[in-house]
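Me: Could you take a close look at one part of this model for me, the charged side chains and who they pair with? Add whatever you can on the aromatic rings too.

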Amino acid sequence: MRMRFKSDEELLGKLSAELDHLDMLYADVTPPSLPEPGASNCRGSCPTEEAAP
Amino acid sequence: MGDRTLEIISQAQQGDAAALAVLLREHYPFLYKYLIKATLDPLLAEEIAQDTMVRCMEKIGTYNGTSAFSSWLITIGSRLYIDRKRRWSREAQWREGQMQEQGNRSLRWSFESRNMEWSEVLDALSRLSSAHRMAVLLKHYYGYSYDEIGEMLEIPSGTVKSRVAAGLVQLRKEPE
């Protein structure tokens, strides 16, 4: 198996930099209008109650 | 977490709708950016962020301050994402694959339209399963411990550890 990074540290450095770029892409994201409680925006299927910690 | 945030949370828990709105508005960008990284699908991230906000509005009274408010939101968002993936898997495997592919293409286009490189690492990240991607992200980008991630995702910390390790191997592997 060929590896493209010499170490996990090298990979993680690159990954963090790329994810920072991704954040920059959405730096000016603004929240939508708040939905009413009980409303759901789910695509195809709806979340269950289990999601609340 | 600052005193101001604690004060706003307390007001929101006492039924102050304006305080709740401020709390959600201020944390939305953090939540959305986490979900973008977890899903690599802007549309899906937006939908789950909205569902997370709804869940947060319903459950704000149960937030007990043992973790940062942002961690609480990440936990709700992650569980909603996992729940969504499970439901999709039950409905149809092919549909899940198609939607993920569509989401990735959309994100890739956003990068390239701004003359930013869609790197091999992001490409490899998009090919990880959502379970492995979330484990790697939460551990190595957000800095949570294996135990904390286990609690967030409701899995044993040993499972988190093995998902992180397997995810890193996949990310380092040269494409065939």
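Reply: B:E112 has a relative accessible area of 41%, so it's partly exposed. Keep in mind that this is a predicted model. The salt-bridge partner of B:E112 is B:R108, with the closest N and O atoms 3.4 Å apart. Both residues sit in helix 5 (residues 93-113) of chain B, 4 residues apart, which is about one turn of the helix. B:R108 is partly exposed as well, at 35% relative accessibility. The pair isn't on its own, either: salt bridges with shared partners tie B:R108, B:E112, B:D123 and B:R127 into one network.

Chain A has a pair with similar spacing. A:K14 bridges to A:E18, and their closest N and O atoms are 3.1 Å apart. Because these two are 4 residues apart in helix 1 (residues 8-25) of chain A, about one helical turn separates them. A:K14 comes out partly exposed at 33%, while A:E18 is buried at 5% relative accessible area.

Now for a bridge with a long reach in sequence. B:R79 forms a salt bridge with B:E154, the closest N and O atoms being 3.6 Å apart. This one links distant parts of the chain: B:R79 belongs to helix 4 (residues 69-91) of chain B and B:E154 to the loop between helix 8 and helix 9 (157-172), 75 residues apart. B:R79 is buried at 11% relative accessibility, whereas B:E154 is exposed at 54%. Over all chains, the salt bridges number 13.

On to the rings. There are 8 aromatic pairs over all chains. In one of them, B:Y34 and B:Y142 have ring centres 5.5 Å apart and planes at 80°, so that's an edge-to-face pair. Here too, distant parts of the chain are linked: B:Y34 is in helix 2 (residues 17-39) of chain B, and B:Y142 is in the loop between helix 7 (130-141) and helix 8 (146-153), 108 residues away. B:Y34 is buried at 0% relative accessibility, and B:Y142 also counts as buried, at 19%, since the cut-off is under 20%. These two tyrosines join B:F30 and B:Y141 in one aromatic cluster.

B:Y63 and B:W72 make another pair, with ring centres 5.2 Å apart and planes at 55°, so they count as tilted. B:Y63 is buried at 6% relative accessibility, and B:W72 is buried with a relative accessible area of 6%.

One last contact brings charge and ring together: B:K139 lies over the face of B:Y146, 4.4 Å from the ring centre.

Conventions. Residues are numbered from 1 along each chain as its sequence is written. Chains are lettered from A and ligands numbered from 1 in the order in which they are written. This is a predicted model: local features need pLDDT of at least 70, side-chain atom pairs count only at pLDDT 80 or more; totals for chains, interfaces and linings use all residues. Side-chain values use heavy atoms; hydrogens and water are left out. Rings of Phe, Tyr and Trp (its six-membered ring) pair if their centres lie within 6.5 Å; planes under 30 degrees apart count as stacked, over 60 as edge-to-face and the rest as tilted. Buried means under 20% relative accessible area, exposed over 50%, partly exposed in between (1.4 Å probe, protein chains only). A charge sits over a ring if NZ of Lys or CZ of Arg is within 6 Å of the ring centre and within 35 degrees of the ring normal. A salt bridge is a side-chain nitrogen of Lys or Arg within 4 Å of a carboxyl oxygen of Asp or Glu.
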